[in-house]
Amino acid sequence: MNSLCTLSKILQVLKEAGQINQDVVDSVRKYIAASQIHPDGTFLTPQPRTENVNPSRLTLPFTARADQAVNPVAAKLLKVMVSKQSNLCVAADVTSASRLISLAESAGPYVCLFKTHIDIVEDFSPQLIQDLLAAAQKHNFLLMEDRKFADIGHTVSLQYSQGIHKISSWADLVTVHPIPGEGVITGLKSAVTNLHRGCFLVVEMSSAGNLASPNYVACMLLQPQWKYLRSIQTLWRA
């Protein structure tokens, strides 16, 4: 798969249009340069040591990281990334079932993760979930519902497993705000049995005026209860 336009070109166009300044351009270019990887998942350039994080695991090839993963969902995702030579995730922010499935079928061969907002689909039906699961199996990708759970444990448990969407029955992964504390995780875990599921903690957002200050981010990452959730390797196992 070849790109239609490079990120460098997009940055140039946005700067010329006055949508971003040179500081943003330089910051993004620096990030891109530091994030280039080989097909096996190793970085092109040596990565700096990160405090409180084991650097050896982060620099391992994806295959080795999959072997070390303690959660089956994490291991599966890493193996998909290796087999498809892709670390792409598509954000399927569409409002009709037909468009969602069309996107899953067209992007499916190239992505390892398909991110949904199932509650914005206007013509949702249980058949949509069956079609999504079929596409995921056909094209070998995982499903992530970007629900951003952020309530007390009991409520989150119901939001996850009940209602019309029954997210726990089909989504390999969900997103979670850590602000409610460890109870949000235990609530999710209590809703699944005999299923391998995982979550991503959302500690930063790109929306204008968001309240995720540097102090908030640091506080969330340093909380002892989140220690086992700071990396994809440690997604929960039901």
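The exercises below, each with a worked solution, concern a predicted model of a single chain.

**Exercise 1. The chain as a whole**

Describe the make-up of the chain in terms of its helices and strands, its buried share and its accessible surface.

Solution. Begin with the secondary structure, where the chain holds 10 helices and 5 strands. Next, take the burial of the residues: of the 238 residues, 37% count as buried. Then turn to the surface, which comes to about 13,600 Å², with 55% of this area belonging to carbon and sulfur atoms. Finally, consider the contacts with a separation of 6 or more, of which 67% are accounted for by residues 24 or more positions apart.

**Exercise 2. Two packed helices**

Determine how helix α6 and helix α7 are oriented to each other, and which residues meet between them.

Solution. The first step is to locate the elements: α6 covers residues 97–107 and α7 covers residues 126–139. Their axes lie 9 Å apart and make an angle of about 5°. Since angles under 35 degrees count as roughly parallel, α6 and α7 are therefore roughly parallel to each other. The second step is to list the meeting residues: α6 contributes Ala97, Leu100, Ile101, Ala104 and Glu105, while α7 contributes Leu128, Asp131, Leu132, Ala135, Lys138 and His139. The third step is to look at one pair among these, for Lys138 forms a salt bridge with Glu105, the closest N and O atoms being 3.3 Å apart. This pair links distant parts of the chain, with Lys138 in α7 and Glu105 in α6, 33 residues apart. As to accessibility, Lys138 counts as exposed at 59%, whereas Glu105, at 32%, counts as partly exposed.

**Exercise 3. A salt-bridge network**

Work out which residues are joined into one network by salt bridges that share partners.

Solution. A search of the whole structure finds 3 salt bridges. Take first the bridge between Lys115 and Asp146, whose closest N and O atoms are 3.1 Å apart. Lys115 lies in strand β2 (residues 113–116) and Asp146 in strand β3 (residues 142–149), so the pair ties together parts that are 31 residues apart in sequence. Because buried means under 20% relative accessible area, Lys115 at 14% is buried, and Asp146 at 8% is buried as well. Now follow Asp146 to its salt bridge with Lys148, where the closest N and O atoms are 2.9 Å apart. Through these shared partners, Lys115, Asp146 and Lys148 are joined into one network.

Methods: Residues numbered from 1 in each chain as written. Predicted model: local features only at pLDDT ≥ 70, side-chain atom pairs only at ≥ 80, totals over all residues. Heavy atoms only, no water. Axes fitted to C-alpha atoms, helices over the stretch in contact; angles between N-to-C directions. Helix = DSSP H or I, 4+ residues; strand = E, 2+ residues; numbered from the N terminus. Parallel < 35°, antiparallel > 145°, perpendicular 65-115°, else oblique. Contact = heavy atoms within 4.5 Å. Buried < 20%, exposed > 50% of the residue type's maximum accessible area, 1.4 Å probe, protein only. Areas by Shrake-Rupley, 256 points an atom, 1.4 Å probe, with all protein chains shown as cover. Salt bridge = Lys/Arg side-chain N within 4 Å of Asp/Glu carboxyl O.
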